[in-house]
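Here's a quick walk through one model, helix and sheet in turn. Have the viewer open as you read.

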Amino acid sequence: AKWAEAFGDTALLELIALARKNSPDLAIARARQREAVALLIAANAGDQPAISAGAGLESSRISLETGRVPLGVGIPRRTDVGAAGVKASWELDVWGREAAKTKAADADSRAAKFTAEQADLALSAEVARMWFAVRGAREQLAFLETEFATRLREMELVEQTVAAGLIDSDPLSSARLAAAQAKVDEGLGRRRVAAAENALRALIGATPGESLPVAQGVAAMPGFGAGVPSELLLRRPDLAAAAARLDAAVSREGAARADFYPSVTLTGQAGWQADPASRIGQGSAGFWSLAPAVDLPIFDAGRREANLEAARARIDGSAAEWTKAVLGAFREVEDALADLRELAQQEELTARVLAAVRTRLANAEARQQAGLANETELTLARRDEALAARTLSMVVWERRQVAVRLAAATGGGWSAE
C-alpha cells in the first residue's frame, strides 16, 4: 500500500503485510474471486459444441414362448450388440442468450476482483488506524503516569504543609481527590492500550498476548488530496464493483429476453455397431445420424415473464446500490476533509500551548536552582506539561487516523487497470 508508505512508519508496513497474510476476511474475498473466475470459464463454454465419446455392449436373449417369433426361420435367440462412437450437440446462440450470460459472468468476475481489492484496502486502512490508536494510547499512558506521579507528589506536599500547621485541611481533600482521579485515569489509559492492542492482534492474526512492534517518534503527516469528484468514481474499488454488478444485471436481463425466442440445436452421432462386438471398426458396422431441432416455447405458466421481471428488478436494485455507494463515498471524503481541517488547527493550538507550558517549566526549574521557587511550583509545572503533552498526543494521533480514513475514502491510489 503506497499510501501507507507516506507515513514513514516501517512497523506499519510490517503489520499490513501480516494482516494480508493471515486475515480470514481477505481469504474469503479472494476465494469468491476465484469462484467467479471459474464460473466465467463455465459460462464461456455455454455457446460451444459439446462432444463426448462412448462405448457399450448389450446382450439379450429372445423367448420362444411368446408366440412372436416363428420357429425355424433362422433368427438367433441371443444377440450381443457392441457399439462405440462419438456424440456432439450444439445449441446455436441465434438470439444472443449465451453471449449475454457470458457478459454477466464476466461482470461478476470483475465485481469479485474489485471486491477483493476493496477488502484489501479496507483491511490495510483498519490496520493503520488501529496501529496509530495503539501508538497514541501508549504515548498517552506515559503522560497519564506522569500526571498521577505529580498529583501524588502534590498531595504529599499539601499533607506536609497541613501537618506543619501552615494551612487548614480543606485543600488536602481536594488534593487527595485529584490524586485519586489521576489514578483512575491512568487505569483507564491502561485499558485503552490493552483494548487497542487486542484489536490490532485480531486484525493481523496474532495470538492473544503476542508482542507488537514498539515504534518511536511521530508518524509523518502525508498530504493526501481528495481530487475532483469525477476522479473519485474511478479510484475506489467498491464503486467499480458496484458498477460491475450493475453491468451483470443488465446482461442477465438480455438473457431473460432471449428466452422468449426459439432455440436451435444440432445433434449428431457417429460410430460402429455390430453383433458380435468383434466386428466393430469394420466399414459395414459404421453408422451416423444428424438431427437439427427447433424448440419454440409456447406455454410455461408465466415462468419466462417472471424471470424477466426479476432481472429488471435486479437492474433497479443494482442501480440503487451504485447510487448509494457513490453518495456514501462523497460523504466519507467530505467528513474526512472536515475533520482534518479542524484537527490541523487543534494540533497547531495545542502545540503552542505545550511550548508555553514547557517554557514555564524551564523557568520554574531555573528559579528553583536559584532558590527562588519551591517544589510545589515545580510540581505544578510538571503536571501541566504532562496534561498539555497528552492533549497534543490525542490530537496528533487522531489526525493520523483521519488521514488513513481519507486515504481509504479516496481509493488509496487504486486503479482498475
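What follows covers a helix, one of its neighbours, a sheet and a loop residue.

## Helix α3

Keep in mind that this is a predicted model. Let's start with helix α3, which covers residues 24-44. Does the helix length add up, and what should the 21 residues span? At 1.5 Å a residue the expected figure is 30 Å, and the end C-alpha atoms sit 30 Å apart, so the two agree.

At the N-terminal end, S23 acts as the cap: one of its side-chain oxygens is 3.4 Å from the backbone nitrogen of D25.

## Two sides of α3

Which residues of α3 are buried? They include L26, A29, A36, L40 and A43. Looking down the helix axis, the buried residues of α3 fall within an arc of 100°, so they line one face of the helix. Over on the other side of α3, you'll find P24, R34 and I41 exposed.

And what do the buried residues of α3 pack against? The partners are α2 (10-22) and α4 (97-163).

## S109, on the α4 side

For a closer look at α4, pick S109, which is found in that helix. Is S109 buried or exposed? Its relative accessible area is 11%, and because buried means under 20%, S109 counts as buried.

Leaving out residues up to four places away in sequence, S109 touches A36, V37 and L40. Two names here should ring a bell: A36 and L40 are among the buried residues of α3.

## The sheet

Now for the strands. Four of them make an open sheet, running β1-β2-β3-β4 in order, with antiparallel pairing. The edges are β1 (50-61) and β4 (286-295), each of which pairs on one side only. On average, neighbouring strands in this sheet are turned by 20° against each other, ignoring direction.

In general, strands of a sheet pair through backbone hydrogen bonds, either parallel or antiparallel. Here, β1 and β2 (residues 78-92) pair in the antiparallel sense over 12 bridges. If you want one to click on, try A53, whose bridge partner in β2 is V86.

## A loop residue with positive phi

Last stop: A301, in the loop between β4 and α8 (303-369). Phi of A301 is near 60°, a positive value in a residue other than glycine.

Is A301 buried or exposed? With a relative accessible area of 64%, A301 is exposed, because the cut-off for that label is over 50%.

Definitions and conventions
Residues are numbered from 1 along each chain as its sequence is written. This is a predicted model: local features need pLDDT of at least 70, side-chain atom pairs count only at pLDDT 80 or more; totals for chains, interfaces and linings use all residues. Side-chain values use heavy atoms; hydrogens and water are left out. Helices (H or I, at least four residues) and strands (E, at least two) are DSSP runs, numbered from the N terminus. The expected span of a helix is 1.5 Å times one less than its number of residues. Buried means under 20% relative accessible area, exposed over 50%, partly exposed in between (1.4 Å probe, protein chains only). The arc is that of the directions from the helix axis to the C-beta atoms. Contact means heavy atoms within 4.5 Å. A polar contact is a pair of N or O atoms within 3.5 Å; within protein, one must be able to donate a hydrogen and the other to accept it, and residues adjacent in sequence count only if both atoms are side-chain atoms. Two strands pair if DSSP finds at least two bridges between them. Axes are lines fitted to C-alpha atoms, for helices over the stretch in contact, and angles run from 0 to 180 degrees between N-to-C directions.
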